[in-house]
Amino acid sequence: MTFVDTIEDIVANLAIVTAYLFFTNQLILKKVELGDKLSSAMIWKVGVAAGLLGILLMSFTVHLNGTLLDFRQLAIIIAAMYGGIYSSMIAAVMILAMRLFAFGEVTISTVIAASNTIIIALAVGAVCYQSFSYRKKWIYSIVICNACTALVFVINVGEQAVIPIVSYVVMMFIGGLLTAYLVDFLNKANVQFKRNEKEATVDFLTGLSNNRSFDAKYQSLLRMAETKGECLSLALIDIDFFKKVNDTYGHVNGDVVLKELGTVLRETARSFDTVSRNGGEEFSVLLYDTPHEHALGIAEKLRLAVGKHPFKLTDGTSLQVTVSVGVATYPHTSKERLMEQADEALYKAKASGRNQVCSNQRVLVLSP
C-alpha cells in the first residue's frame, strides 16, 4: 500500500463518519441535544446506531505498511457523547462481537484488542458523564483511545509498535477533530431547530400555546369530536379593562399581568385542556369531550381563580384583575359557528357588566 492509498483509506473512513452523522441526525437525533437525558429506547437507538458505525468502520480499515488501523473508537465516543456510558457500552459490545466472531480465528491478540474496546467504552462513557466542557470531553476521550490502543499495540507487536502507534495517534487526532466539529455543528442546528419550532407554537410571553398552535389544535379537536360523536367546548377569556391597566401602570406591568394570568389559567385548567393566548389580552381554553354544563363550571372556576389572585407589579404592589368568559359547545352549535358563538358569548359577558361567564344558554353572574 502506498501513502496515497493510505490517505484514500482515511478519507473514505471520514466520509463514512460524516454520512453517518448526518443520516442519524435526521432519523434519530433531530430533536436531541447533547446533554439531554435520553429515554431508555433512545439510549438503545444511539448505542445500536453507533455500534453499526463501528462495525462498518472496521470493514473499511486503513492499510499502513502491513498494519490495519480503523476508526471504530470514534463510534464509541459519539455514542457516549449523546447517550452516556450505556450507549457506549451497547456500541462496544456490538463491535466486540463482530471483532471476535466475524473476523476469522480468535487469538490472544484479538481478545486483547476486543477487551480494549470495552475498556475504552467504560472510560469514555465515564468522561462524558462529567461536567467537563464539550471540548474537554472530546480531548480526554481521544487521549483515552490513543493511550489504550497504544498499549494494545505494545502488547501485541512489541518493538515494532512505534510506527503504528504514531500513525494511529495522528489519524485519531485528525478524525477526532473533524468528528467533534461535525457533532457540534449538528447539535447547534438541532438546538436552533427546537428553538424555532417552539417559537412557532408557543407564546413568548406566557409560555402558552400561541394563536397558530391554537388554530391547529382547534381544527384537530373539531374533526375528532365530529368523527367520534363527542363534545368540544371553547372558552374565550378576556381581561376586563386591560387598556386601563396599561395606561395606569405601564406596558411593562401589563406584560406582568398577562404572564401571571397565563400561569393562573394553566394551573387552574385541567392538565389535558389546551390553554392559549390568542393575542393581546385574549386567552382561550379548549375543553375536549366536555359537555356544555361542565364547561361552564370549569370557566367559572377559572374566573374565580383569576379574581382571587394578587397580580404583583414591578414595584411590589398587588393588583386585582377580573376576566369575562364566553363559552360555546359543539354539537350544541355547529362546528362552523363554534368560534363565533363563543365570541358572541364573550361580548355578552362584557356588555352585561364584565367579570362573569356567559353562553347562549345561561349567564353565571359574579357571586357577592
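A salt bridge is here a side-chain nitrogen of Lys or Arg within 4 Å of a carboxyl oxygen of Asp or Glu, and the legends below describe a predicted model.

**Figure 1. Overall view of the predicted protein, with its 11 helices and 10 strands**. The radius of gyration of the protein is 31 Å, well over the 21 Å that the globule rule gives for 368 residues, so the protein is more spread out than a compact globule. Taken along the principal axes, the C-alpha atoms fill a box of roughly 95 × 50 × 30 Å. Of the 368 residues, 48% count as buried, and the protein exposes about 18500 Å², of which carbon and sulfur atoms supply 62%. Among contacts with a separation of 6 or more, 70% are accounted for by residues 24 or more positions apart.

**Figure 2. Close-up of helix H4 (residues 108–129) and its buried side**. The 22 residues of H4 should span 32 Å at 1.5 Å a residue, and the end C-alpha atoms are 32 Å apart, which agrees with that expectation. The buried residues of H4 are Thr110, Ala113, Ala114, Asn116, Thr117, Ile120, Ala121, Val124, Gly125, Val127 and Cys128; they cover an arc of only 160° around the axis, which puts them on the same side of H4. These buried residues pack against helix H3 (72–101) and helix H5 (134–157), whereas the face of H4 turned away from its buried side carries the exposed residues Ile108 and Tyr129.

**Figure 3. Close-up of helix H7 (residues 211–228) and the elements that cover its buried residues**. Helix H7 has 18 residues and reaches 25 Å from its first C-alpha to its last, close to the 26 Å expected at 1.5 Å a residue. Ser213, Phe214, Tyr218, Leu221, Leu222 and Ala225 are the buried residues of H7; seen down the helix axis they fall within an arc of 160°, so they line one face of the helix. The cover over these residues includes H6, E3, strand E4 (274–279), strand E5 (282–288), strand E8 (323–330) and H11, while Arg212, Arg223 and Thr227 are exposed on the other side of H7.

**Figure 4. Close-up of the salt bridge between Lys188 and Asp184 in helix H6 (residues 162–201)**. The closest N and O atoms of Lys188 and Asp184 are 3.3 Å apart, and the two residues lie four residues apart in H6, about one turn of the helix. An α-helix has 3.6 residues a turn, so residues three or four places apart point the same way. Lys188 counts as exposed at 52% relative accessibility, and Asp184 is partly exposed, with a relative accessible area of 22%.

**Figure 5. Close-up of the salt bridge between Asp238 and Lys350**. The closest N and O atoms of this pair are 2.8 Å apart; Asp238 lies in strand E3 (residues 232–239) and Lys350 in helix H11 (residues 338–351), so the pair ties together parts that are 112 residues apart in sequence. At 9% relative accessibility Asp238 counts as buried, whereas Lys350 is partly exposed, with a relative accessible area of 22%.

**Figure 6. Close-up of further salt bridges, from the 10 found in a search of the whole structure**. The side chains of Asp70 and Arg72 meet in a salt bridge, with an N to O distance of 2.7 Å, and both Asp70 and Arg72 are buried. Arg337, Glu340 and Glu344 are linked in a network of salt bridges.

Methods
Residues are numbered from 1 along each chain as its sequence is written. This is a predicted model: local features need pLDDT of at least 70, side-chain atom pairs count only at pLDDT 80 or more; totals for chains, interfaces and linings use all residues. Side-chain values use heavy atoms; hydrogens and water are left out. The expected span of a helix is 1.5 Å times one less than its number of residues. Buried means under 20% relative accessible area, exposed over 50%, partly exposed in between (1.4 Å probe, protein chains only). The arc is that of the directions from the helix axis to the C-beta atoms. Contact means heavy atoms within 4.5 Å. The radius of gyration is taken over C-alpha atoms; the globule rule is 2.2 Å times the number of residues to the power 0.38. Accessible areas come from the Shrake-Rupley method with a 1.4 Å probe; for residues, only the protein chains shown count as cover.
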